[in-house]
Amino acid sequence: MNQIISFKDRFLNDFRFLREWARTPKSIGSITPTSKIAAKSMAALIPANSTLPILELGSGTGPITRAIQASGVRPERLVCVEYNPDFCRHLRHNFPGINVVEGDAFALETTLAAYGDQKFAAILSGLPLLNFNPQQRISYIENGLKWLNPGAPFIQLCYGPKPPVKAKPGVFYTEPTKWILSNVPPARFWVYRSVLAE
């Protein structure tokens with residue numbers, strides 16, 4: 001499903017994003033939303049052969065959400081976790097049918113309590129992990145992987161040259177994508193996958 005966004009809407013989205021960045025720069029991470037090209041590249045990493053729902057963490061104003069839907073994912077199959085109440089209202093208004101959960105992506109057991117033991121086909125995270133301490137990052141990745149079957153991708157947006165969390169041999173591994181230089185700032189993704197227990 002291709003959603004066309006007008007210049008006015010794009011301007012309002014950017015303004016909303018910049019306003020929230022000024023209020024809480026640590027939780028936003030960048031002065032601009034993820035670019036259309038970066039969001040499309042991220043959505044392209046979703047497994048095509050799964051019917052499980054998709055989990056997006058840190059949806060913001062929805063550029064990655066829009067790319068996920070444009071890739072063919074039905075709205076009801078998408079679960080978006082967002083901490084900011086204003087962004088949640090924006091997402092519900094602009095993406096009817098998606099499941100918006102207002103809550104903390106660092107506490108998924110609480111935030112997604114209504115989903116029980118649901119597994120997801122992929123997790124796409126736009127949270128600025130490098131703004132958090134190493135232990136928070138490790139917990140974030142490890143807890144996120146619990147919501148995926150072994151081998152399913154946890155796709156993390158990153159602006160740094162190194163992975164926000166190093167691989168843990170025998171538990172999970174990670175690999176980077178190519179840089180997307182057109183994004184501001186330049187970005188790439190680190191794809192985490194848990195290892196099947198022997």
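This passage walks through a helix, a set of parallel strands and one buried glutamine in a predicted model.

Take the strands to begin with. Strand E2, residues 78–82, is largely enclosed by the rest of the structure, because five of its five residues are buried. Its side chains split between two directions: Leu78, Cys80 and Glu82 point one way, while Val79 and Val81 point the other way, and all are buried. So a glutamate is among the enclosed residues of this strand, which has five of five residues buried.

E2 has a partner in E1, and the two run parallel, joined by four bridges. Within this pairing, leucine 55 has valine 79 of E2 as its bridge partner. To get from E1 to E2 the chain passes through helix H4 (residues 63–70), making a right-handed β-α-β crossover. E2 also pairs with strand E3 (residues 99–102), again in the parallel sense and over four bridges. Here valine 81 is matched with valine 101 in E3. The route from E2 to E3 goes through helix H5 (residues 85–94), and this β-α-β crossover is right-handed too.

Helix H7 comes next. It covers residues 134–145, 12 residues in all, and spans 17 Å from its first C-alpha to its last, close to the 16 Å expected at 1.5 Å a residue. Its buried residues are Arg137, Tyr140, Ile141, Gly144 and Leu145. These sit on the same side of H7, because they cover an arc of only 120° around the axis. The cover over them includes strand E1 (54–57), helix H6 (108–111), and strands E4 (122–125), E5 (154–158), E6 (172–176) and E7 (188–194). At the N-terminal end, asparagine 133 acts as the cap of H7, with a side-chain oxygen 3.1 Å from the backbone nitrogen of glutamine 135.

Strand E5, part of that cover, is also home to glutamine 156. This glutamine is buried, since its relative accessible area is 0%. A polar atom of the glutamine 156 side chain lies 2.8 Å from the backbone oxygen of leucine 127. Leaving aside residues up to four places away in sequence, glutamine 156 touches Ser125, Leu127, Leu129, Tyr140, Pro164, Arg188, Phe189, Trp190 and Tyr192. Leu127 thus turns up both in this contact list and in the polar pairing through its backbone oxygen. Tyr140, another of the residues touched by glutamine 156, is one of the buried residues of H7.

Notes:
Residues numbered from 1 in each chain as written. Predicted model: local features only at pLDDT ≥ 70, side-chain atom pairs only at ≥ 80, totals over all residues. Heavy atoms only, no water. Expected span 1.5 Å × (residues − 1). Buried < 20%, exposed > 50% of the residue type's maximum accessible area, 1.4 Å probe, protein only. Arc of directions from axis to C-beta. Contact = heavy atoms within 4.5 Å. Polar contact = N/O pair within 3.5 Å; in protein donor to acceptor, adjacent residues only side chain to side chain. Pairing = 2+ DSSP bridges. Right-handed = clockwise from strand over helix to strand, strands pointing away.
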